[in-house]
Amino acid sequence: MDKPTLHGTPLSHFTRKIRILLAELCVDFDFVRASSVLAISQASYADNPLMRVPTLVHAGTTVIDSEHIARYLVATYDPKETSAVRPSVASTAPAISLAEAAAAGWKPA
Ligand SMILES: N[C@@H](CCC(=O)N[C@@H](CS)C(=O)NCC(=O)O)C(=O)O
């Protein structure tokens, strides 16, 4: 399967939401840092006509808006077929996903 490319900025919380979901789904992806969220050309946002980040490009498809991107990723990468924790993290962290933690009543401090 083609590797998706996420266009965004490190400080964008919408971009971060998608990076967390990609990690949870164990999806390997390329990250392209947008030059600035003040840029005035669509090209700076991977041709996102809304001129915002994030934008996901995968297998010839461009998906815009983090909610649509999240739905696209969950539909494309079956969460049931992926490990809840990335292998590099699994050796040092308890093997529990955010969904499992929430179901168990865990709340962030
Ligand atoms: N509804 C959009 C909002 C995205 C958004 O507002 N991103 C900010 C960065 S966190 C942005 O690109 N701002 C540039 C601007 O508003 O011109 C989504 O969920 O992806």
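Here's a quick look at a predicted model of one chain and its ligand, starting with the fold and ending at the ligand.

## Overall fold

Four helices and four strands make up the secondary structure of the chain. If you walk along the sequence, you'll meet them in the pattern β-α-β-β-β-α-α-α.

The chain has 109 residues, and 19% of them count as buried. As for contacts, take those between residues at least 6 apart in sequence: 57% of them join residues at least 24 apart.

## The nonpolar core

In soluble globular proteins, nonpolar side chains tend to end up buried together. Here, the largest nonpolar core is a set of eight residues: L6, I18, L22, L56, V63, I64, I69 and L73. Helix 1, strand 4 (61–64) and helix 2 each put at least two residues into this core.

L73 is one of the core residues, and it's worth a click in your viewer. Leaving aside residues up to four places away in sequence, L73 touches L21, L22, L25 and V27. Of those partners, L22 is itself listed in the core.

## Around the ligand

Which residues sit around the ligand? They are S12, H13, F14, V37, M51, R52, V53, P54, D65, S66 and E67. By character, that shell splits into five nonpolar, three polar and three charged residues.

Two helices show up here as well. Helix 1 (13–24) and helix 2 (66–76) each give at least two residues to the shell, and each also supplies at least two residues of the largest nonpolar core.

Methods. Residues numbered from 1 in each chain as written. Predicted model: local features only at pLDDT ≥ 70, side-chain atom pairs only at ≥ 80, totals over all residues. Near = placed C-beta within 6 Å. Nonpolar A, V, L, I, M, F, W, Y, C, P; charged D, E, K, R; others polar. Buried ≥ 20, exposed ≤ 12 C-beta atoms within 10 Å, placed from the backbone. Contact = placed C-beta atoms within 7 Å. Core = buried A, V, L, I, M, F, W, Y, C linked by C-beta atoms within 7 Å.
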